[in-house]
Amino acid sequence: MPRLVVAAPASGSGKTTVATGLMAAFAERGLAVSPHKVGPDYIDPGYHALATGRPGRNLDAYMCGPELVAPLFAHGSAGCELAVVEGVMGLFDGASGAGELASTAHVAKLLKAPVVLVVDASSQSRSVAALVHGFASFDPQVRLAGVILNKVGSDRHEQLLREALEEVGVPVYGALRRTPQVATPARHLGLVPVAERSTEAVDSVRAAAAMIREGCDLEGLLALARTAPPLATEAWSAALPGARGTARPATMAPHTPTNPTVAVAGGAAFTFSYAEHTELLRAAGAEVVTFDPLHDEQLPENTSALVIGGGFPEVYAPELSENEQLRKSIAALAASGAPVLAECAGLLYLARSLDGKEMCGVLDADAAMSGRLTLGYRDAVALTDSALAPAGTRLRGHEFHRTVMEPGAGPTPAWGMRLPAPRVEGFVQQGVHASYLHTHWAATPDIARRLVDRCGGGTP
């Protein structure tokens, strides 16, 4: 699989714009492009999917383990002609206190992929050579194969930058001018998701593709991608022994007792999910139906279980509150003892209130926006047996929110965590498991099987 990793010296250098523009530009040429993102980010993959017409896939060496990075990459890129992997933060920035683990450099080495460094050149000229030389020599196992210069001020500025990089022997594959048309609006947790922008998001991706076409050597980048050596790995599959069941088609048969319906929240308020979760649920024997809490007044027919992932319910709190009929339907499902898994945004939605607006009232707790960002990987242990995992289960997850829940844990908490400080977190009651912790089920496929089995169905 021809492949490139798009990295940067630091966040804010423009790698999302460049990676998305490359994906779109190559897709416009008729190539089947596989989009990937290093780390736990949910928002960038939405732009990647818009650029390529394929699901954006995450490669997270912390949550899934280094051993799953190549198999998940192979699974996502099956049938494609090129894979573009967008990095996270700076090239060598990984999990806090864990060395290179989960960094872009770590993933690039696991994939044996050439790296193209996106450099914000707006305030430098010859110094760019020292910067790039340092990144190229820091870890000899990382193949830094070229540079794309971003925010170049003029033709003369570009000439000075190119001359400097000739001195260190690093090829320049593009020089991009400052282009307001490709700017993507940001919010308290990063970029605004694709689902919230519709036409504007499409226009941004098209503008990024045009900028890349005009400023980058696409033939050279494609040739570079083709220099990646063969990657000896077996593709991950939801239907392998580690993820029981037979993969099911996207178009499902009508509901039967052996094919329980799992409703998954979607729409603009709940945009955070990993594609592998749906694949695992289907492989375990579920019929997966997406619904939009902003517009749908009832859960899908015959719903046996509910999954509510992450997103921005705080932005839509009034609209979510106004949909009283759906809130009552969800509360009734939870009261029946049906499995309900809620992460972060889902936790807020199940609370009694969010920023003073009435929510589902499943949890005896209230949520509100705060001025404090909670961010980072977490090692967690399940404290209570639940629809998600047996008590004692250890897994890795990620927190990313600016809200607070009061109280932060119920009488039977979901998780115990040691860092950043010892605490208990989340709620387990009847069939409900609600927590701030985001998890990646590819690392723990038993979650999907357990959920479906709790519905009374599932693949034997």
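Start with two helices that meet in this predicted model. Helix H3 (residues 69-77) and helix H4 (residues 104-111) have axes that come within 9 Å and cross at roughly 70°. Angles from 65 to 115 degrees count as roughly perpendicular, and H3 and H4 are therefore roughly perpendicular to each other. On the H3 side, the contact is made by Val69, Ala70 and Phe73, and on the H4 side by Val107, Leu110 and Leu111. Sort those residues by class and you get 6 nonpolar, no polar and no charged.

Stay with H4 for a moment. How many of the 8 residues of H4 are buried? The count is 6, so H4 is largely enclosed by the rest of the structure. Look for Thr104, Ala105, His106, Val107, Ala108 and Leu111, which are the buried ones in H4. So Val107 and Leu111 turn up twice: they touch H3, and they are buried too. The cover over the buried residues of H4 includes H3 along with strand S1 (3-7), strand S2 (33-38), strand S3 (57-59), strand S4 (82-86) and strand S5 (115-120). Just after H4 comes Lys112, and its phi is positive, near 50°.

Helix H2 (residues 43-52) makes a nice companion to H4. In H2, 7 of the 10 residues are buried, so this helix is also largely enclosed by the rest of the structure. Its buried residues are Ile43, Asp44, Pro45, Tyr47, His48, Ala51 and Thr52. Following H2 you'll find Gly53, whose phi is positive, near 75°.

Now move along to another pair of helices. Helix H5 (residues 127-138) packs with helix H6 (residues 155-168) at an angle of about 40°, and their axes are 8 Å apart. That angle makes H5 oblique to H6. The crossing, as H5 passes H6, is right-handed. Which residues do the meeting here? Val128, Ala129, Val132 and His133 in H5 meet Leu161, Ala164, Leu165 and Val168 in H6. By class, this contact has 7 nonpolar, 1 polar and no charged residues.

Time for a sheet. Find the open sheet of 6 strands, which has mixed pairing and the order S11-S10-S12-S13-S21-S20. At its edges stand strand S11 (287-291) and strand S20 (427-429), each with a single partner strand, so one side of each has no neighbour in the sheet. From one strand to the next, the twist averages 15°.

Let's walk across part of that sheet. Strand S10 (residues 261-265) pairs with S12 in the parallel sense over 4 bridges, and Val262 stands opposite Ala305 in S12. Next, strand S12 (residues 303-308) is joined to S13 by 3 bridges, and these two run parallel. Here Val307 has Leu341 in S13 as its bridge partner. One more step takes you from S13 to strand S21 (residues 432-435), again parallel, with 4 bridges between them. In this pair, the bridge partner of Glu343 is Ser435 in S21.

What about the two faces of S13 (residues 340-343): are its residues there buried or exposed? In a regular strand the side chains alternate between the two faces of the sheet. In S13, Val340 and Ala342 lie on one side and Leu341 and Glu343 on the other, and all of them are buried, with both faces covered. So Leu341 and Glu343, which you met as bridge partners, are among the buried residues of this strand.

Helices sit against this region too. Helix H11 (residues 324-335) packs on the sheet and touches S11, S12, S13 and S21, with a direction that makes about 110° with that of S12. Helix H13 (446-454) has its own set of buried residues: Ile447, Ala448, Arg449, Arg450, Leu451 and Val452. They pack against S10, helix H9 (275-283), S12, S13 and strand S17 (394-406).

Finish in the loop between S21 and H13, where Ala443 has its place. Its relative accessible area is 32%, and Ala443 is partly exposed. Leaving aside neighbours within four places in sequence, Ala443 is in contact with Met63, Cys64 and Leu68. Compare that with Val205: Ala443 and Val205 are 238 residues apart in sequence and 31 Å apart in space, C-alpha to C-alpha.

Technical notes: Residues numbered from 1 in each chain as written. Predicted model: local features only at pLDDT ≥ 70, side-chain atom pairs only at ≥ 80, totals over all residues. Heavy atoms only, no water. Buried < 20%, exposed > 50% of the residue type's maximum accessible area, 1.4 Å probe, protein only. Pairing = 2+ DSSP bridges. Axes fitted to C-alpha atoms, helices over the stretch in contact; angles between N-to-C directions. Parallel < 35°, antiparallel > 145°, perpendicular 65-115°, else oblique. Contact = heavy atoms within 4.5 Å. Nonpolar A, V, L, I, M, F, W, Y, C, P; charged D, E, K, R; others polar. Left-handed = near helix turned anticlockwise from the far one by under 90°.
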